[in-house]
Each structure stands twice: as C-alpha cells, then as structure tokens.
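Dear colleague,

Please find below the structure I am handing over to you, with its sequence. My notes on what was found follow directly after it.

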Amino acid sequence: MSGRVIVMTSGKGGVGKTTATANIGLGLAKHGRKVVLIDGDIGLRNLDIILGLENRIVYHLVDVVSGRCQIRQALVKDKRVPELSLLPASQVDQKDAVNPDQMRELAGRLKEDHDFILIDCPAGIEQGFRNAVAGADEAIVITTPDVSPVRDADRVIGLLQNEVGDPQLIINRMSSAMVKRGDMLDQQDVLDILAVRLLGIVPEDEEVVVAGNRGAPVVLNERAASGQAYNRIVRRLLGEDVPIPELNGHQGVMQRLGNFLFRR
C-alpha cells in the first residue's frame with residue numbers, strides 16, 4: 001500500500017482547518033479507507049477534542065519521532081469507525097521538538113499501511129508549517145470567504161506550490177444570505193483571487209459547532225447541510241465527479257471589496 005499524504009493548512013487561524021481535517025478523515029474512513037490523522041499543532045492540540053478521543057491519549061507525535069514509543073502504541077483508534085486513527089500532538093513540547101526530516105520519515109512509514117494520512121498543520125508559515133508540509137504529497141487549503149483569510153491563503157498557496165504543487169481549496173462557512181447582500185465574497189470571487197482548484201464549499205452551519213462540542217464530527221450527521229458538504233468533499237477526494245453547489249451573489253468582486261473597505 002502507498003497512501004496519500006495530504007497536509008491540511010490555511011494562512012490564518014480560526015478558519016476551521018482542524019474541523020475540516022476531522023470531518024474529512026472520518027468521512028474517508030466511513031468509505032472503508034484506512035486513515036491516520038496527525039495533529040501537527042504541537043503545544044496546542046485540538047483534533048483529539050473534535051474527534052472525542054481526548055481521554056484515550058497515552059503517547060503523542062513527539063514520543064514517536066523521538067523513539068520513546070512505537071507508532072502503533074501512539075495511534076488512537078476511533079471506536080465508531082475503526083479504520084480511523086489519530087496520532088495526537090504533544091501539549092507540553094514546543095514546535096521545534098519535531099523537524100522536517102522526522103516528519104518526512106514518519107509520513108513514509110505510515111504510507112506503507114494506510115490509504116490516507118491527513119496532517120493538521122498549525123496556522124502560520126513558521127516551523128510548524130515547515131514540519132507539516134515536509135512529508136506531504138498534496139495539500140488542501142481552507143479559507144473562509146473573508147478578505148483577510150483569503151489574503152493569507154494566497155500567501156500559503158505560493159509557498160505550497162514550491163513544495164507540493166498546486167493545492168486544492170475548501171471555502172468554509174459560506175453564507176448565501178451574506179453573499180446575496182454583497183457582504184461576503186462568493187465562490188467565484190475567491191477563486192479569481194486564489195486561482196486554484198475548488199474541492200468544496202462548506203456552508204455556515206451551527207451544527208458544526210454542536211458536533212465539535214460533542215466530539216462527534218458533523219460528517220456523521222447526514223441531515224446537516226455542513227455534513228452533506230463534507231461528504232461531497234470526501235467523495236471528490238475518492239475520485240467521484242460530484243457537482244459543487246454554487247452560492248451566487250449579485251455584485252462583482254470589486255464592489256464587494258469596496259463594501260468591506262468602506263465599512264472599516
């Protein structure tokens with residue numbers, strides 16, 4: 001087996017990157033794929049909470065790369081979907097406790113017996129970003145349709161293109177009502193700015209917050225609009241041709257940007 005290593009990243013924090021990692025990983029595992037999620041945010045781990053696995057952690061990423069335990073000892077299996085495992089981050093170490101060579105070796109070993117390895121990259125472009133990208137074959141960038149996150153995503157995309165090629169894009173927390181009022185960039189605005197392939201759009205949905213607080217990612221809730229969106233994203237990653245719903249506004253990108261700047 002030679003799995004796909006995908007780094008999940010963003011320029012700006014707080015855009016839903018960790019939530020997207022949990023939902024996509026769980027969705028892939030629901031389709032029978034063997035998946036490992038690596039929490040690369042050393043010192044600030046959250047992926048375990050979103051998955052509801054925080055009480056079962058014994059070892060973590062730094063323990064593995066420093067040789068204090070074997071990989072299999074640190075992997076936390078999800079009892080709901082046994083094909084999914086989590087390699088949690090350390091809460092007490094610094095980001096320089098891991099280096100790119102160690103991440104590259106770890107990813108290579110996990111690829112031998114997993115279909116997908118998703119790496120939840122910390123926000124920013126410092127050491128944590130370099131670690132997370134080092135072992136990746138592909139990248140997915142998550143942004144919200146707001147001016148500041150899109151600008152930061154553009155910076156990250158430029159860096160990724162030098163490391164893993166063109167990333168795919170997920171636009172998170174899209175509000176059709178705000179787009180129609182001209183208060184939010186629509187999907188075409190974002191694509192015009194970032195010029196990468198769109199993997200999916202996740203609508204604004206309070207069910208995401210509820211699911212995260214319960215440790216049960218919304219991809220398990222097929223009645224939720226956001227859960228349906230994540231399931232469509234998973235199917236596209238698996239190679240299915242699944243249409244992307246479009247949220248159209250009535251104003252052009254320059255007019256919307258003008259609205260945002262005028263209100264500041």
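A residue counts as exposed when its relative accessible area is over 50%, as buried when that value is under 20%, and as partly exposed in between. Please bear in mind that this is a predicted model.

By that cut-off alanine 195 is exposed, because its relative accessible area is 61%. Alanine 195 lies in the loop between helix 9 and strand 8. Its phi is positive, at about 55°, although the residue is not a glycine. Most residues other than glycine have a negative phi. Arginine 173 also departs from that pattern, with a phi near 60°. Arginine 173, however, is placed in strand 7, and its relative accessibility of 34% means that it counts as partly exposed.

Both residues lead to the sheet. Here 8 strands form an open sheet with mixed pairing, in the order 3-4-2-5-1-6-7-8. The edges are taken by strand 3 (76-77) and strand 8 (197-203); each has a single partner strand, so one side of each is left without a neighbour in the sheet. Strand 8 pairs with strand 7 (residues 168-174) in the parallel sense, over 6 bridges. Within this pair, methionine 174 stands opposite proline 203 of strand 8.

Two helices that pack on the sheet deserve mention. Helix 7 (residues 147-163) touches strand 1 (4-9) and strand 6 (138-143), and its direction makes about 170° with that of strand 6. Helix 9 (residues 187-194) touches strand 6, strand 7 and strand 8, and its direction makes about 145° with that of strand 7. Strand 6 is thus touched by helix 7 and by helix 9.

The two helices also pack on each other. Two packed helices are described by the angle between their axes and the distance between the axes. For helix 7 and helix 9 the angle is about 40° and the axes are 10 Å apart. The crossing of helix 7 with helix 9 is right-handed. Which residues meet in this contact of helix 7 with helix 9? From helix 7 come Val150, Ala153, Asp154 and Ile157, and from helix 9 come Val190, Ile193 and Leu194. Of the residues in this contact, 6 are nonpolar, none is polar and 1 is charged.

With kind regards

Notes. Residues are numbered from 1 along each chain as its sequence is written. This is a predicted model: local features need pLDDT of at least 70, side-chain atom pairs count only at pLDDT 80 or more; totals for chains, interfaces and linings use all residues. Side-chain values use heavy atoms; hydrogens and water are left out. Two strands pair if DSSP finds at least two bridges between them. Helices (H or I, at least four residues) and strands (E, at least two) are DSSP runs, numbered from the N terminus. Contact means heavy atoms within 4.5 Å. Axes are lines fitted to C-alpha atoms, for helices over the stretch in contact, and angles run from 0 to 180 degrees between N-to-C directions. Buried means under 20% relative accessible area, exposed over 50%, partly exposed in between (1.4 Å probe, protein chains only). A crossing is left-handed if the near helix is turned anticlockwise from the far one by less than a right angle, and right-handed if clockwise. Ala, Val, Leu, Ile, Met, Phe, Trp, Tyr, Cys and Pro count as nonpolar, Asp, Glu, Lys and Arg as charged, and the others, Gly among them, as polar.
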